[in-house]
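Me: Please take a close look at one loop residue in this model, then work outward to the rest of the fold. Keep it plain.

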Amino acid sequence: MLCRRFYCGLPSVLPQLAVILAFCTSLGAADELRMKAVVPDENAQAEKVALINEIYQHDYESAETREQKLRFAQKLYHVGLETKNDPTGRFVLLRIARDIAIEQRDPNTTIRAIDAMDETFQIDALQMKVASLTSIASATRMRSEQKEVAAELISLIDQCVKSDRYAIAEPLPAIAISAALKARDTPLRVAAIAREDELVRLTGDYNRIANSLETLAVNSDAPEANLAVGKFYCFSKGDWARGLPMLAVGTDQVLKSLSLQEMALPADAMSIGEGWWEFAESTSEWEKKHIRKHAAMWYAKALPDLSGLNKARIQRRIQEAGLQRNDGTANAHSAPQFALALDGKTSYVSVNTLRYDGRYPITVEAIVRVDVPPKTTGVICGTYDDAGLGLAILKNGLWEFAVRSRSAGYRLSQSDKSATLGKWTHVAGVYDMSQCYLCVDGKIQSSVQPVPGGHKASKIPIQLGINPGRVRVDFFHGEIRELRISKVARYTAPFKAAQEFDADDDTILLLKFNEGSGVVAKDLSGNQHHGAIVNGTWIPLN
């Protein structure tokens with residue numbers, strides 16, 4: 001019976017993992033835990049399992065194939081999301097959905113179920129993801145599944161690094177490398193090896209500032225500790241937003257001066273770039289890489305006002321820092337050279353660190369090309385579920401921006417004309433907190449829709465090329481050249497459609513797809529919301 005099989009929190013074929021996942025429910029960051037509910041006790045969970053068994057026993061027993069079982073997991077997942085006034089029922093539904101997904105070797109559904117649990121309950125989501133993906137990797141045999149597991153593992157490594165959870169990430173690179181080898185995917189293997197090297201270095205550097213972190217926990221103004229920790233975040237990790245304020249109160253006068261200059265408004269981009277570049281010369285090769293890249297970002301801002309030999313000198317430095325291509329412009333401002341092709345069957349990009357909660361306006365825009373109309377819906381970017389929003393192309397060829405209203409279901413803003421196949425098109429969906437509308441090549445379409453009651457946000461992270469709320473459906477068949485998400489309603493009147501996007505203070509995510517190789521789409525907004533690419537194909541634009 002369903003209750004017997006799932007009472008312990010995981011299918012009985014995985015008893016050791018069940019113990020690990022149960023332990024994960026008692027851990028988590030203290031600041032976040034205070035805002036979440038305690039995990040229900042076993043007796044309360046057992047009562048809900050009995051009820052779920054009574055309601056869904058026939059569905060469970062009727063699911064014979066892997067695809068049917070995954071659809072059943074999705075069904076429980078959606079019911080769990082819709083359960084608002086029964087925390088225990090919500091937790092058990094999501095837990096069982098997670099467990100079935102693990103048993104059926106589906107990392108995407110597993111991660112989404114854990115994320116949904118993490119939104120409400122006091123769990124250690126990262127540790128739970130590590131245990132779950134490790135289990136899936138050990139049971140996976142097919143090359144296509146190994147490839148998907150490797151990509152999700154690489155994304156999970158990035159999440160662990162972002163949260164300074166280096167210890168739990170330690171086994172992941174080796175598992176990702178093994179999965180990539182079994183999948184015979186060289187770019188994935190290279191990416192996993194790079195993560196392994198980076199993780200070893202960051203772990204060592206982080207361990208060396210342990211005493212300084214303890215000092216700051218007691219005295220946040222301690223100058224020496226701020227210097228040590230600030231140097232780690234800026235020079236070792238490249239997290240300048242976190243580390244720069246620490247350098248500004250540290251004991252190194254040169255770093256204090258540079259930091260204060262950068263934090264001042266208005267900032268002198270050229271002077272700041274020159275200062276950091278000069279300082280980088282006295283650091284190790286590892287630190288120099290991050291400092292030069294930071295200097296180059298300031299140089300790129302100053303570049304439009306430069307000319308002659310001085311401009312050529314700065315362009316050369318930007319190129320040396322690795323932020324420049326052969327055309328002499330920085331990556332975040334570079335002429336497109338590649339695009340990412342998605343096959344409409346198995347390809348997508350997962351941005352697991354980014355969610356939209358509906359508390360601010362949003363613009364989702366992309367430069368895309370469609371070669372074949374979808375059979376159902378081709379999702380370009382979205383968080384579709386029983387809630388959320390998304391940018392897509394429909395089977396009738398119309399572009400669409402869908403926003404879930406709290407009181408009136410999905411509000412659908414569609415284009416006035418069908419897409420022109422084979423043509424690069426700028427498509428933008430805008431939600432301004434009261435209505436949603438669609439822009440195609442700079443023209444606001446006539447289908448402007450009110451969103452009564454405001455937006456009903458999804459718990460699902462941003463996904464490209466796939467409907468994340470359903471099992472392997474609504475894949476996008478075409479190419480994506482660039483994608484940008486902004487925390488502002490960018491377009492309120494007709495405009496000249498950009499051929500390339502830039503990052504500014506309102507940019508949440510900027511993917512250029514200009515890497516040309518690998519399985520990671522780098523976020524050029526500075527927010528480090530990198531995308532994990534699954535089964536995508538790089539195509540040169542020439």
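Reply: Arg105 has a relative accessibility of 21%, so this residue counts as partly exposed; buried would mean under 20%. The model is a predicted one. Arg105 sits in the loop between helix H6 (87-103) and helix H7 (107-120). The backbone here has a positive phi of about 60°, although Arg105 is not a glycine.

A second arginine can be set beside this one. Arg184 also has a positive phi, of about 55°, and is not a glycine. Its place is the loop between helix H11 (172-183) and helix H12 (186-208). Arg184 has a relative accessible area of 65% and therefore counts as exposed, the cut-off for that class being over 50%.

Pro223 is another residue to look at in the helical part. Pro223 belongs to helix H14, which spans residues 223-236. With 40% relative accessibility, Pro223 is partly exposed. Leaving aside residues up to four places away in sequence, Pro223 touches Val249, Gly250 and Thr251. For Val249, the separation from Pro223 is 26 residues in sequence, while the C-alpha atoms are 5.9 Å apart.

Next come the strands. Eight of them form an open sheet with antiparallel pairing, in the order E7-E6-E5-E4-E12-E2-E16-E15. At the edges are strand E7 (409-418) and strand E15 (520-521), each of which pairs on one side only. Within the sheet, strand E2 (residues 348-351) and strand E12 (residues 462-464) are antiparallel and share three bridges. Val349 has Leu464 in E12 as its bridge partner. A helix packs on this region: H9 (residues 143-162) lies across E2, E15 and strand E16 (531-534). The angle between H9 and E16 is about 175°.

Strand E1 (residues 338-343) has pairings of its own. Its pairing with strand E17 (residues 537-540) is antiparallel and uses four bridges; in that pair, Ala339 stands opposite Ile539 of E17. E1 is also joined to strand E13 (residues 477-486), again by four bridges and in the antiparallel sense. There, Leu342 has Gly478 of E13 as its bridge partner.

As for internal space, the structure has two cavities of 30 Å³ or more. The second largest has a volume of about 30 Å³. Its lining consists of Leu354, Arg355, Tyr356, Tyr360, Ile362, Ile462, Ile485 and Ile508. By class, seven of these lining residues are nonpolar, none is polar and one is charged. Among them, Ile462 falls in the range of E12, and Ile485 falls in the range of E13.

Some totals place these parts in the whole. The protein has 19 helices and 17 strands. There are 542 residues, of which 55% count as buried. Among contacts with a separation of 6 or more, 65% are between residues 24 or more positions apart. The contact of Pro223 with Val249 is one of these, at 26 residues apart in sequence.

To return to the starting point, Arg105 is partly exposed at 21%, and its positive phi of about 60° occurs in the loop between H6 and H7.

Notes: Residues numbered from 1 in each chain as written. Predicted model: local features only at pLDDT ≥ 70, side-chain atom pairs only at ≥ 80, totals over all residues. Heavy atoms only, no water. 1 Å grid on protein atoms, 1.4 Å probe; cavity = no way out; pocket = protein on both sides within 12 Å on 5 of 7 lines; lining within 4 Å. Points joined across faces, edges and corners; volume = space filled by probe spheres on them. Nonpolar A, V, L, I, M, F, W, Y, C, P; charged D, E, K, R; others polar. Pairing = 2+ DSSP bridges. Helix = DSSP H or I, 4+ residues; strand = E, 2+ residues; numbered from the N terminus. Contact = heavy atoms within 4.5 Å. Axes fitted to C-alpha atoms, helices over the stretch in contact; angles between N-to-C directions. Buried < 20%, exposed > 50% of the residue type's maximum accessible area, 1.4 Å probe, protein only.
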